[in-house]
Amino acid sequence: MIQWSNAIPIYLHRDPVDFRKAINGLAVIVSEEMELDVYSQALFVFCNRNRSQLKVLYWDSTGFALWQKRLEKDKFKWPSKDPLATASITYEQWGWLLRGFDFAKFRPHKQLKFTEVA
């Protein structure tokens, strides 16, 4: 599997996408529907209607690349109930998504920030 830097932002397009779309069609979705810069250093992730496939579009400073994963017997846990058309996830959540976990249900402990000891 391709390994991306954990510093790269990852954006999910919430609604299903027609997987006949290739680089140009997905780039238009990023620009017009997601309202993001398709040339930024980010991963733009799309899912098909039955959630058995993912496509990842990214710009690598020399051109666009398109990565696809197809599950043979399972479905991706996709955040379809998110009210936003675009969801931003962490690198850790990306790993969970690829391994089949519902990352929306995994919540780490809240980070606390104190200024003095009591």
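**View A. Arginine 14 reaches the side chain of aspartate 15.** The two side chains make a polar contact of 3.2 Å. A polar contact is a pair of N or O atoms within 3.5 Å; within protein, one must be able to donate a hydrogen and the other to accept it, and residues adjacent in sequence count only if both atoms are side-chain atoms. This is a predicted model: local features need pLDDT of at least 70, side-chain atom pairs count only at pLDDT 80 or more, and totals for chains, interfaces and linings use all residues. Residues are numbered from 1 along each chain as its sequence is written, and side-chain values use heavy atoms, with hydrogens and water left out. Arginine 14 sits in the loop between strand 1 and helix 1. Helices (H or I, at least four residues) and strands (E, at least two) are DSSP runs, numbered from the N terminus. Is arginine 14 buried or exposed? It counts as buried, because its relative accessibility is 19%. Buried means under 20% relative accessible area, exposed over 50%, and partly exposed in between (1.4 Å probe, protein chains only). Aspartate 15 counts as partly exposed, at 32%.

**View B. Salt bridges join arginines to acidic side chains.** Side chains of opposite charge can pair when their charged atoms come close. A salt bridge here is a side-chain nitrogen of Lys or Arg within 4 Å of a carboxyl oxygen of Asp or Glu. How many salt bridges does this rule give? The count is 3. Aspartate 15 and arginine 14 form one of them, at 3.2 Å from N to O. Arginine 20 meets aspartate 18 at 2.7 Å, N to O. Arginine 20 is exposed, with a relative accessible area of 73%. Aspartate 18 is partly exposed, at 34%. Arginine 70 pairs with glutamate 72, their closest N and O atoms 2.9 Å apart. Both of these residues are exposed.

**View C. Tryptophan 78 is buried in a loop.** The loop runs between strand 4 (64-70) and strand 5 (86-89). Tryptophan 78 counts as buried because its relative accessibility is 10%. What does tryptophan 78 touch, leaving aside its neighbours within four places in sequence? Its contacts (heavy atoms within 4.5 Å) include Leu12, His13, Arg14, Val45, Phe46 and Leu97. The backbone oxygen of histidine 13 lies 3.3 Å from a polar atom of the tryptophan 78 side chain. Phenylalanine 101 is 23 residues away from tryptophan 78 in sequence, yet the C-alpha atoms are 9.7 Å apart in space.

**View D. Five strands form an open sheet.** Their order is 4-3-2-1-5, and the pairing is mixed. Strand 4 and strand 5 are the edge strands, each pairing on one side only. Two strands pair if DSSP finds at least two bridges between them. Neighbouring strands are turned by 25 degrees against each other on average, direction ignored. Strand 1 (residues 10-13) and strand 2 (residues 43-47) pair in the parallel sense over 3 bridges. Isoleucine 10 in this view stands opposite leucine 43 in strand 2.

**View E. Two helices meet the strands.** Helix 1 (residues 23-33) lies across strand 1, strand 2, strand 3 (53-59) and strand 4. It runs at about 75 degrees to strand 3. Helix 2 (residues 91-99) packs on the sheet and touches strands 1, 2, 3, 4 and 5. Its direction makes about 145 degrees with that of strand 3. Axes are lines fitted to C-alpha atoms, for helices over the stretch in contact, and angles run from 0 to 180 degrees between N-to-C directions.
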